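Trainee: I've got a model open and would like to talk it through. Can we take it one question at a time?

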Amino acid sequence: TSVLTVTSTDADFGSNGAIRYRIISGGKDNLNILPNGTVVISSSRNLDFDVKPTNLIVEVYALDSGSPQRTATATMSINILDDNNKPPTFDTQFYQLLINE
């Protein structure tokens with residue numbers, strides 16, 4: 001599932017301006033970043049709002065292909081929202097009620 005896309009620009013031409021992205025902190029267990037900067041959920045096992053409501057602070061690193069390589073960082077705040085993923089339940093499967101006439 002795509003979460004968001006980060007973008008950066010580099011004024012260099014050709015391969016020197018080619019940019020790669022990397023997540024350097026926060027969300028590494030749950031998120032990956034594609035070469036085009038799209039952040040995707042790689043595992044949702046730790047993203048269950050009902051277990052632990054959370055806000056991920058994720059730092060992304062942009063790295064150009066020049067020599068020397070130049071970098072930039074950006075910080076993302078990702079709020080995990082509750083999903084309607086649990087059905088309603090009853091306390092018991094059978095209810096018995098006695099009523100006097």
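Mentor: Sure. Keep in mind that this is a predicted model. Let's begin with overall dimensions.

Trainee: What radius of gyration does the protein chain have, set against a compact globule of 101 residues?

Mentor: A compact globule of 101 residues would come out near 13 Å. The box around the C-alpha atoms, taken along the principal axes, is roughly 90 × 20 × 15 Å. For the protein chain, the radius of gyration is 23 Å.

Trainee: What percentage of the residues of the protein chain count as buried?

Mentor: Buried here means under 20% relative accessible area. The protein chain exposes about 7900 Å², with carbon and sulfur atoms supplying 51% of that. Of the 101 residues, the share that counts as buried is 24%.

Trainee: On to secondary structure. How many helices and how many strands does the protein chain have?

Mentor: Reading from the N terminus, the elements go β-β-β-β-β-β. That gives counts of 0 helices and 6 strands.

Trainee: In what order do E1, E3 and E4 sit in their open sheet?

Mentor: Strand E1 (2-5) and E3 are at the edges, each with a single partner strand, so one side of each has no neighbour in the sheet. Neighbouring strands in this sheet are turned by 20° against each other on average, direction ignored. The pairing is antiparallel, and the order is E1-E4-E3.

Trainee: Which residue in E4 stands opposite Asn32?

Mentor: E3 and strand E4 (residues 38-41) run antiparallel and are joined by 3 bridges. Opposite Asn32, in E4, stands Val40.

Trainee: Now the start of the chain. Is Thr1 buried or exposed?

Mentor: Thr1 lies in the segment before E1. Leaving aside neighbours within four places in sequence, Thr1 still has contacts with Val39, Val40 and Ile41. The C-alpha atoms of Thr1 and Ile41 are separated by 5.4 Å, though the two residues are 40 apart along the chain. Since the relative accessible area of Thr1 is 70%, and the cut-off is over 50%, Thr1 counts as exposed.

Trainee: What is the strand order in the open sheet that holds E2, E5 and E6?

Mentor: E2 and E6 are the edge strands here, each pairing on one side only. On average, neighbouring strands of this sheet are turned by 30° against each other, direction ignored. The pairing is antiparallel, in the order E2-E5-E6.

Trainee: How many bridges join E5 to E6?

Mentor: E5 and E6 form a hairpin with 6 residues between them. Two of the pairs are Asn55 with Asn79 in E6, and Val60 opposite Ala74 in E6. E5 and E6 run antiparallel, and the number of bridges is 9.

Trainee: And which residue in E5 stands opposite Arg20?

Mentor: That takes us to the pairing of E2 with E5, antiparallel over 6 bridges. Opposite Arg20, in E5, you'll find Leu63.

Trainee: Where is Pro68 found, and what form does the peptide bond from Ser67 to Pro68 take?

Mentor: Pro68 is in the loop between strand E5 (55-64) and strand E6 (71-79). Most peptide bonds are trans. For the one from Ser67 to Pro68, omega is near 5°, and the form is cis.

Trainee: Which element gives the largest share of the largest nonpolar core?

Mentor: That core has 14 residues, and those with the most contacts inside it are Leu31, Ile33, Leu56, Val58 and Val60. Two or more residues come from each of strand E2 (19-25), strand E3 (31-33), E5 and E6. The largest share is 4 residues, and the element giving it is E5.

Trainee: Which residues is Ile33 in contact with, leaving aside its neighbours within four places in sequence?

Mentor: Ile33 is among the core residues with the most contacts inside the core. A contact needs heavy atoms within 4.5 Å. On that basis the partners of Ile33 are Val6, Tyr21, Arg22, Ile23, Thr38, Val39 and Val60.

Trainee: Last one. Among contacts between residues at least 6 apart in sequence, what percentage join residues at least 24 apart?

Mentor: The pair Thr1 and Ile41 is one you've already met, 40 residues apart along the chain and in contact. Across the protein chain, the share joining residues at least 24 apart is 54%.

Definitions and conventions: Residues are numbered from 1 along each chain as its sequence is written. This is a predicted model: local features need pLDDT of at least 70, side-chain atom pairs count only at pLDDT 80 or more; totals for chains, interfaces and linings use all residues. Side-chain values use heavy atoms; hydrogens and water are left out. A nonpolar core is a set of buried Ala, Val, Leu, Ile, Met, Phe, Trp, Tyr and Cys residues joined through side-chain atoms within 4.5 Å. Buried means under 20% relative accessible area, exposed over 50%, partly exposed in between (1.4 Å probe, protein chains only). Two strands pair if DSSP finds at least two bridges between them. Axes are lines fitted to C-alpha atoms, for helices over the stretch in contact, and angles run from 0 to 180 degrees between N-to-C directions. The radius of gyration is taken over C-alpha atoms; the globule rule is 2.2 Å times the number of residues to the power 0.38. Accessible areas come from the Shrake-Rupley method with a 1.4 Å probe; for residues, only the protein chains shown count as cover.
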